[in-house]
Amino acid sequence: MPNRVKIERSEQYGYYRDLLWCILPLGGMAWYYYGPRPVLLLLTGLLTAYLCDCLLAPLHGAGYRSREPSSECFAALIVFMMPATVPYAVVVAAVIAAVLAKEAFGGEGHYPFHPAAVGMALAGISWPERVYRYPAPGTWLPLLNTADTPLVQGINATLRDGGLPSDSTMNLLTGNFAGALGTSAALVVAACGLFLLVRGHVKVTVLVPFLVFCIGLPWLLPQLNELPAFSWPWEYVRQRIYLEKYVILSGTVLFGGLFLICEPVTMPNRTSSRILYGAALGIATHAFRVVSPYESAVCFALLIVGAIPEWLDLISHRTERIRFMRKEERRVAQSAKPE
């Protein structure tokens with residue numbers, strides 16, 4: 001095996017191991033607000049992914065690799081994007097991520113789309129009333145039967161209808177509002193993202209353009225009923241700031257930017273390609289957030305933009321090659337000039 005392949009595989013293993021460490025603070029916040037049921041959901045998802053890997057990995061010759069916990073990471077990400085009351089959808093989404101999105105394409109390092117995004121998107125389309133409706137924080141849920149628990153829509157439903165929620169900034173930072181298990185507490189998500197950034201797993205070349213478009217497009221095109229159909233970016237600044245607060249802190253923008261879009265297998269390899277990739281993800285995420293009835297807009301964006309990373313790398317490679325050839329032609333022409 002070439003050394004480069006060994007290094008890339010080692011980096012992938014490190015990414016997934018560090019991602020698993022982030023389960024502890026995110027799971028702890030979920031337990032604080034809803035009781036032990038989120039931990040049961042998390043263990044169910046991890047066990048499902050583990051069994052899928054054990055059963056299917058030998059089919060493509062590699063066998064199960066205990067040091068490659070990518071399927072378990074995908075299952076954990078799916079659980080954190082779901083409500084605490086979700087039933088069997090966790091198992092179905094984990095199976096979809098491990099089997100259809102990962103093993104069906106050759107397993108480790110070969111899947112073209114982010115498995116967690118695939119599993120979450122299909123589960124959300126199949127059971128939107130269970131996947132995108134949330135209990136109030138502070139509701140101590142029973143372990144098994146949550147059918148009688150009152151559920152409400154997420155904040156993005158209010159934003160999509162042109163309104164502004166009334167949740168305070170402190171509640172958004174601490175996760176004290178109705179939302180998904182792991183995406184609500186912005187301070188905890190940011191702290192985990194900082195850990196991944198320090199460890200070298202969050203790529204700034206992808207994250208920055210993603211956030212620029214996720215933040216810039218709502219500022220330029222605010223979907224607010226209290227604003228006129230057209231207004232200049234320097235008008236109604238107060239309303240725009242309030243809108244940006246909910247866009248960044250209430251949905252999957254921050255969570256997706258730190259935990260999903262920098263997945264080492266699915267993102268491009270070249271710096272210029274990553275910039276374009278992050279920008280395309282930001283544009284698609286904003287579009288899905290505005291027109292889609294689903295909360296996890298970044299997952300659907302990953303399914304669309306996930307088809308182009310290799311094309312971006314190919315275009316970047318050819319562009320660099322053309323520049324190099326032109327530079328060489330100019331060098332040869334200058335050297336051929338008479339003294």
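In this predicted model, Asp18 and Arg199 join their side chains in a salt bridge, with N to O at 2.8 Å. The pair links distant parts of the chain. Asp18 belongs to helix 1 (residues 3-21). Arg199 sits in the loop between helix 10 and helix 11. The two are 181 residues apart. Asp18 counts as buried because its relative accessibility is 6%, and the cut-off for buried is under 20%.

The structure holds 3 salt bridges. Side chains of opposite charge can pair when their charged atoms come close. Another salt bridge is formed by Lys102 with Asp53, and here the closest N and O atoms are 3.4 Å apart. This pair also links distant parts of the chain. Lys102 lies in the loop between helix 5 and helix 6, whereas Asp53 is in helix 3, and 49 residues separate them. Both Lys102 and Asp53 are buried. A further salt bridge brings together the side chains of Glu129 and Arg133, at 3.7 Å from N to O. Glu129 is exposed, because its relative accessible area is 52%. Arg133 has a relative accessible area of 24%, so Arg133 is partly exposed.

The protein as a whole contains 16 helices and 2 strands. Of its 339 residues, 49% are buried. Contacts with a separation of 6 or more were also examined across the protein. Residues 24 or more positions apart account for 74% of these contacts. The accessible surface comes to about 16500 Å², and carbon and sulfur atoms hold 64% of this area.

The largest nonpolar core has 82 residues. Within this core, Met82 and Phe259 touch the most other members. Helix 4 (residues 70-80) gives the core its largest share, 7 residues. The contacts of Met82 can be listed, leaving aside neighbours within four places in sequence. They are Ala89, Val90, Ala93, Met120, Ala123, Val131, Ala180 and Leu181. Of these contacts, Ala89, Val90 and Ala93 are among the buried residues of helix 5. Met120 and Ala123 are among the buried residues of helix 6.

Helix 5 covers residues 89-100. This helix has 12 residues and reaches 15 Å from its first C-alpha to its last. That is close to the 16 Å expected at 1.5 Å a residue. The buried residues of helix 5 are Ala89, Val90, Ala93, Ala94, Ile96, Ala97 and Ala98. An α-helix has 3.6 residues a turn, so residues three or four places apart point the same way. The cover over the buried residues of helix 5 includes helix 3 (37-56), helix 4, helix 6 (115-126) and helix 7 (128-131).

Helix 6 also has 12 residues. Its reach, from first C-alpha to last, is 17 Å, close to the expected 16 Å. Helix 6 is mostly covered, with 9 of its 12 residues buried. Those buried residues are Pro115, Ala116, Ala117, Val118, Gly119, Met120, Ala121, Ala123 and Gly124. Helix 4, helix 5, helix 7 and helix 15 (297-305) are included in what covers them. Helix 5 and helix 6 thus appear in each other's cover.

Thr183 is found in the loop between helix 9 (169-174) and helix 10. With a relative accessible area of 6%, Thr183 is buried. Leaving aside neighbours within four places in sequence, Thr183 is in contact with Phe80, Met81, Val189, Leu249, Gly251, Thr252 and Phe255.

On the surface, a nonpolar patch of about 530 Å² is made by Leu194, Leu197, Val198, Val204, Val208 and Val212. Helix 10 (186-198) and helix 11 (204-220) each supply at least two residues of this patch. Val208 has its place in helix 11. Val208 counts as partly exposed because its relative accessibility is 43%.

Tyr236 lies in the loop between helix 11 and helix 12 (237-250). Its phi is near 55 degrees, a positive value in a residue other than glycine. Tyr236 has a relative accessible area of 35%, so this residue is partly exposed.

Notes
Residues are numbered from 1 along each chain as its sequence is written. This is a predicted model: local features need pLDDT of at least 70, side-chain atom pairs count only at pLDDT 80 or more; totals for chains, interfaces and linings use all residues. Side-chain values use heavy atoms; hydrogens and water are left out. A nonpolar core is a set of buried Ala, Val, Leu, Ile, Met, Phe, Trp, Tyr and Cys residues joined through side-chain atoms within 4.5 Å. Buried means under 20% relative accessible area, exposed over 50%, partly exposed in between (1.4 Å probe, protein chains only). Helices (H or I, at least four residues) and strands (E, at least two) are DSSP runs, numbered from the N terminus. Contact means heavy atoms within 4.5 Å. The expected span of a helix is 1.5 Å times one less than its number of residues. Patches are made of residues with over 30% relative accessible area and no salt bridge: like charges are joined within 9 Å, nonpolar side chains (Val, Leu, Ile, Met, Phe, Trp, Tyr) within 5 Å. Accessible areas come from the Shrake-Rupley method with a 1.4 Å probe; for residues, only the protein chains shown count as cover. A salt bridge is a side-chain nitrogen of Lys or Arg within 4 Å of a carboxyl oxygen of Asp or Glu.
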